[in-house]
Amino acid sequence: MVLFVIFCPIIAAILIIVGAPARKTALAASVLALAAALFLLASFQHLRRDFQHVTSFTISPEWHLSFTTGVDGLSLAMVLLATIVTFAAIWFAGKIEKYENAFYACLLFISGGAIGAFASIDLFFFYAFHELALIPTFLLIGIWGSENRIAAAWKITIYLAVGSFILLIGLILLYQSVPTASRSFDIRALEAAAGLGQISPDAQRHVYLLLLIGFGILISLFPFHTWAPEAYAAAPAPAAMLHAGILKKFGLYGLLRLAVPLLPVGARHWTNLLLVLLLGNIIYVGLVTIAQKRLDWMLGYSSVMHMGYIFLGIASAGILGVTGAVILMFAHGLSIALLFGLAGELRKRTGTLIFDELGGLAKVMPFAGLAFGLGAFAAIGLPGFANFAGEIMIFFGAFRNGWEIGSFHIFQVATVLALWGVVISTVYMLRAYRKTFMGALNERWNGLVDLRPGLRVPAALLVGALLCYGFFPQSFVRMITPAFRTYLSANRSHLTDMQTCNHGAVRRPPAVGLDDGNARQGRGYNELARR
Amino acid sequence: VSVIKAPQLEIAVLVLGMVILMFEAFAAKIDKRILAFAAIAGLVVILVATFFVTPVPAPYQAAGFWNFYTADRLSIFFKQFALLTTILVLIMMIDYAPVVRSSFSGARDGLGEFFAVPIFTCAGLMYLVSAIDFIFIFVSLELVTISFYVLVSFTRRNPVTLEAGVKYLVLSALSTAFFVYGIAWIFGATGQTNLQRVTEALANADTNQSAALLGMVLVLVALGFKIAAVPFQIWVPDVYQGAPTPVTAYLSVGSKAAGFVVLLRVLRPFLALPQMQRLLILIALLTLIYGNLAALPQGDLKRLLAYSSIAHAGYLLIGVVCLDGSAVVFYLVAYLLMTLLSFAVLVIVAQQTGEQISDFDGLGQRSPFLAFAMLIGMVSLAGVPFTAGFLGKFFIFYAAILQRQIGLVVVGVITVGCGFYYYLKVIRAMYWQSTAKLDMIPVTGLSRFAISALIVATIWLGVYPQPILNMLKR
C-alpha cells in the first residue's frame with residue numbers, strides 16, 4: 001500500500017508524458033493516492049512503535065542498501081499531508097495554456113518524490129526521492145512562472161542542489177560513523193547502532209552540523225532562506241503549494257528522523273547556534289515579512305518565518321516540543337497551501353498581487369475572502385486550528401526544557417522572543433487580509449467572479465483538515481508519539497551514560513504523560529549534577 | 001575452461017578492421033554505410049564473446065607474452081567498455097555521414113576509412129587496458145593516438161577541424177615524448193619495465209627512489225594529457241570543438257577511460273610515496289576548479305562538453321587519489337553512458353540547427369524524444385539521483401570522505417553546484433525557450449534504439465548499480 005502511494009503519482013506522471021489526458025489522469029492519481037493514504041491511516045496500529053506496511057527490495061548486499069518503505073506515525077503524518085496538498089494543488093491547477101501535459105507531470109513528480117522520501121526507511125532512497133523534485137521545480141518556475149521567473153528558478157535550483165550535496169556529505173559521514181560491521185543505509189539499523197552508543201560524540205557533532213546546514217538550506221533556515229520567497233512568488237500557484245506545503249517539510253522530517261534520534265550529543269552541542277538561527281527566522285524574517293508590499297512575497301516570507309517555530313520544537317528535543325513541531329509541520333503545510341492556492345486564483349483574475357492595487361475584494365469574491373481569512377487565522381495560530389495546537393505545544397515544550405536546569409536559560413529567552421513572532425505574524429497576516437479583501441473596492445475589480453463551486457472543494461478540504469486536527473489534536477498526538485518514544489527512551493539511557501554532556505544545553509522533558517515527569521526528571525538531573 | 005582466450009579478442013578486432021579496409025579499397029561501388037553496419041555487427045559479436053572469457057591474471061614472473069599482457073577482470077571489463085564505446089560511436093558516425101560526405105568533393109567520400117579507423121582505435125584501447133609493461137603501454141597508446149590523429153582531422157576541408165588536428169598532433173606528440181622520457185628514467189632507476197617488477201624494485205632499498213619518482217612524474221604528465229587534467233588540458237576545448245562530433249565523443253570517453261586505466265595500473269607501484277598523493281590532490285583540485293569554472297560561460301554545446309569532460313576528469317581524479325579503483329570504474333561507466341547520450345543527441349540536432357546551446361531552443365516541442373534524451377544526459381552529468389551520474393559521484397565522494405580528504409570534498413561540492421548551472425542551461429534552452437522553427441527532427445531507427453538503450457541504462461544503473469559492482473568484485 002505504501003508503494004502504491006509513492007508510485008501512483010510517478011506512474012501517472014509517466015503516463016501523462018506518454019500522452020494520457022493530463023488533468024484527468026493527474027486528478028485520478030491524486031485521489032487514489034489520498035484514498036490510499038487514508039487507508040494507511042485507518043489501518044495504522046497506534047500502539048506499535050516500529051514501521052508498518054514494510055516492503056523491502058535488496059539493491060546491494062555489500063553496501064546494505066535496499067529499497068525499503070514503510071510508515072510509522074511521523075512518516076504517516078507527512079504522507080497524509082503530502083497527499084492532501086497534492087490533491088488540492090492539482091485541483092487548483094485548472095486548465096493550463098502552455099504544455100499542459102508537462103505541467104501536470106512535473107507536479108506529480110514533485111509529489112511522488114516527496115511521498116517517496118517520507119516513506120523510505122532507507123537513507124539512500126530517502127535522499128534520492130527528494131531530489132526527484134529538483135528538475136520539475138526548475139521547469140515549473142522557468143516555464144510557467146510569473147515575472148521574476150528566470151532569476152528565481154536559477155536561485156532555487158542552485159541553492160537546493162548545493163544544499164542537497166552538503167546533506168549528502170553529511171549522510172555519507174553518518175553512514176561511515178558507525179563501525180564497519182553495522183554500516184547500513186537502513187534507518188532502523190542506524191537507530192539501533194546509535195542506541196548502542198556506536199556513534200562517537202565527535203562524529204555526532206560533525207554530522208549534525210552538516211545535516212543542519214544541508215537540511216537547513218532545504219528548509220530555508222535563517223541565513224539560507226533567500227531563495228524561498230523569491231521562488232514562491234515566481235512559481236505558479238500549484239508549484240508553490242507543493243513546495244511550501246510539502247517539500248520544505250522534507251528537511252524538517254529529515255532532522256526529526258535522523259538528527260534528533262541518532263545524534264543527541266550533536267544536537268546538544270549545536271543547540272545554541274540553532275536557537276540563534278531560528279530566532280533569525282522568527283524575528284528578522286518576521287519583520288521583513290511585515291515590510292512586504294506584495295501578497296505573494298508576503299506569503300513566501302511568512303512560510304520562511306513559520307519554520308522558526310518548528311525549529312524551536314525540534315531544538316527542544318523533548319517529546320512535547322517535537323510532537324508540537326510535527327503538528328505544526330502538518331498544519332503549516334495545509335494553511336500555506338491554502339493561502340498560496342487562493343493567491344494564485346487572485347493572480348489569475350487580477351493579474352497583480354500588489355497590496356496597493358487590491359482592496360475590498362471580499363465584496364466580489366466572498367468565498368475567497370472567507371477561505372483566505374480562515375487560512376490567515378490558521379497561519380497566525382488562532383485556537384481551533386491545528387496550527388494553534390502545534391505552536392502551543394512547541395512553546396510549552398521549549399520553555400519547560402530549560403526550566404529543568406533550574407535557572408533562567410537561553411531556552412526561555414528564545415521562547416519568549418519567539419512568542420513575539422505570533423504578534424508579528426498577526427500584524428502581517430491581518431494587514432494583508434485588510435489590504436486585499438477589506439476596505440474600498442477598486443473600480444477595476446467590479447467584474448471579478450468568485451471561486452466557482454468546483455474550486456471550493458480543495459479549499460474546503462484544506463480548511464476542514466485544519467479544523468479537524470485543531471479540535472482533535474489528540475488523535476494526531478496518539479499517532480506520532482510512539483515513533484518518538486522509541487528513541488527518546490533510548491536516548492535517555494544513552495544520555496545518562498554520556499560523561500561529556502554539556503549541562504547548559506538541552507534537557508529532556510518527560511514523556512507525554514506529564515504525571516510523574518517532574519519527579520523523574522529531577523532525579524535525572526540530580527544524577528547528572530552529582531557527577 | 002572457455003574456448004575463447006583473451007588475446008584472441010584483439011586479434012578478432014584487428015582482422016575485422018582489415019576486412020573493412022579491404023572492402024573499402026576493392027568494392028568501391030557499395031554504399032559505404034554498409035561497412036559501418038558490418039563493423040557494428042562484428043564488434044557486437046566480439047562484445048558478446050567477451051562475456052565467455054574467463055579472467056586470467058598474468059602469472060607471477062611470467063615470461064614472453066604474459067610478461068606484458070594481462071587478462072584480469074579489470075582488463076576484460078574495460079575491453080567490453082571499449083567495444084561498447086566503439087559500437088555507439090560507429091552508430092553516431094552513421095548519423096554524421098552526410099557531414100563527412102559534404103566535406104569531400106568528387107567521387108571519393110572517404111567514408112570507408114571513417115568507419116574503419118575507429119576499429120583500430122578500439123583494438124588499441126583493448127590492448128592498452130591489458131598492458132602491464134611500460135613498453136607495451138607505450139605501443140598500444142601509440143596505436144590509439146595515431147588513429148586519433150587521422151580521425152580528429154578527418155573532415156580536413158574545414159579549417160577548424162584542421163586546426164584541431166594540428167593541435168592534437170603537436171601536443172600529443174609532445175606528451176608521447178614525455179612518456180618515453182619518463183619510462184627511460186624509471187627503467188634507469190629500477191632496471192625493469194614490467195609494472196610488477198618495478199613495484200618490487202621500488203621496495204628495494206638500493207633503488208634510487210627520486211629518479212624513479214621523476215620518471216613517474218614525467219609519465220604523469222603524459223597521462224594528464226590523455227585524461228585532460230589541468231595543467232595539460234589546453235588542447236581539449238579547441239580539439240573537441242573542431243573534431244567531427246562522433247570523434248569528439250570517442251576522444252572524451254575512450255581516450256579518457258584508457259588514460260584512467262593506465263593511471264590506475266601505473267600508479268600502483270608508486271602509491272607508497274606520499275609526494276605522489278600530494279601532487280595528485282593538487283592536480284585534482286585544479287582540474288575540478290578549472291573545468292567547472294571555465295564551463296560556466298560557454299555558449300557552444302560542444303565546447304561546454306569539452307570543459308565538462310575536464311571537470312569529470314577532476315571527479316575521477318578524486319577517486320584515483322583515494323585509490324578507490326571501483327569508484328573510478330563505476331564513474332567511468334556512468335560517464336560513458338551519459339556522455340555518449342549527450343553526443344548522440346548533439347550529432348543529430350547539430351545537423352538541423354547548429355552546435356550552440358541556443359540552437360537547442362524549443363527542442364522540447366520539436367522533438368520530445370531527443371529533448372528527453374538530452375535531459376537525462378544533462379541531469380546525469382549534473383548528478384541528480386536515480387541516474388548513473390549521481391551514483392558515480394556518490395561513490396567518489398564516499399571514498400573521499402572515508403579518506404578524510406576535506407579539501408577535495410569541499411571543492412567537489414562547490415563545483416557540483418557550478419555543474420548544475422551549466423548543465424541546466426541546456427535544459428533551459430530545450431524547454432523554456434521557444435523557437436520559430438517547428439519542423440520535426442528525423443531520427444533513424446538505429447539511433448533511436450541506441451539512444452533509448454542509453455537512457456534506460458543511465459536510469460537503470462542509477463537505481464540498481466549492482467550488476468557493475470558485481471563485475472568489479474574481486
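Where in chain A is the place of A:His53? A:His53 sits in strand 1 of chain A, and the views below start there. This is a predicted model, where local features need pLDDT of at least 70, side-chain atom pairs count only at pLDDT 80 or more, and totals for chains, interfaces and linings use all residues. Residues are numbered from 1 along each chain as its sequence is written, chains are lettered from A and ligands numbered from 1 in the order in which they are written, and side-chain values use heavy atoms, with hydrogens and water left out.

**View 1. A positive phi at A:His53.** Phi here is near 55 degrees, and the residue isn't a glycine. Its home is strand 1 of chain A (strands are DSSP runs of E, at least two residues, and helices are runs of H or I, at least four, numbered from the N terminus).

**View 2. Where chain A meets chain B.** The contact (heavy atoms within 4.5 Å) draws 38 residues from chain A and 35 residues from chain B. Together the two chains bury about 3,400 Å², 81% of it on carbon and sulfur atoms; buried area is the accessible area (1.4 Å probe) that two parts lose on being put together, summed over both. On the chain A side, A:Trp63, A:Trp154 and A:Phe165 lose the most area to chain B, together 19% of what that side buries.

**View 3. The chain A face, piece by piece.** Strand 1 (52-60), helix 5 (123-131), helix 6 (134-144) and helix 7 (149-177) of chain A each bring at least two residues to the side touching chain B. Helix 7 of chain A gives the largest share, 16 residues. By type, that side splits into 29 nonpolar, 5 polar and 4 charged (Ala, Val, Leu, Ile, Met, Phe, Trp, Tyr, Cys and Pro count as nonpolar, Asp, Glu, Lys and Arg as charged, the others, Gly among them, as polar).

**View 4. A cis peptide bond in chain B.** The bond from B:Val230 to B:Pro231 is cis, with omega near 5 degrees. Look for B:Pro231 in the loop between helix 8 (209-227) and helix 9 of chain B.
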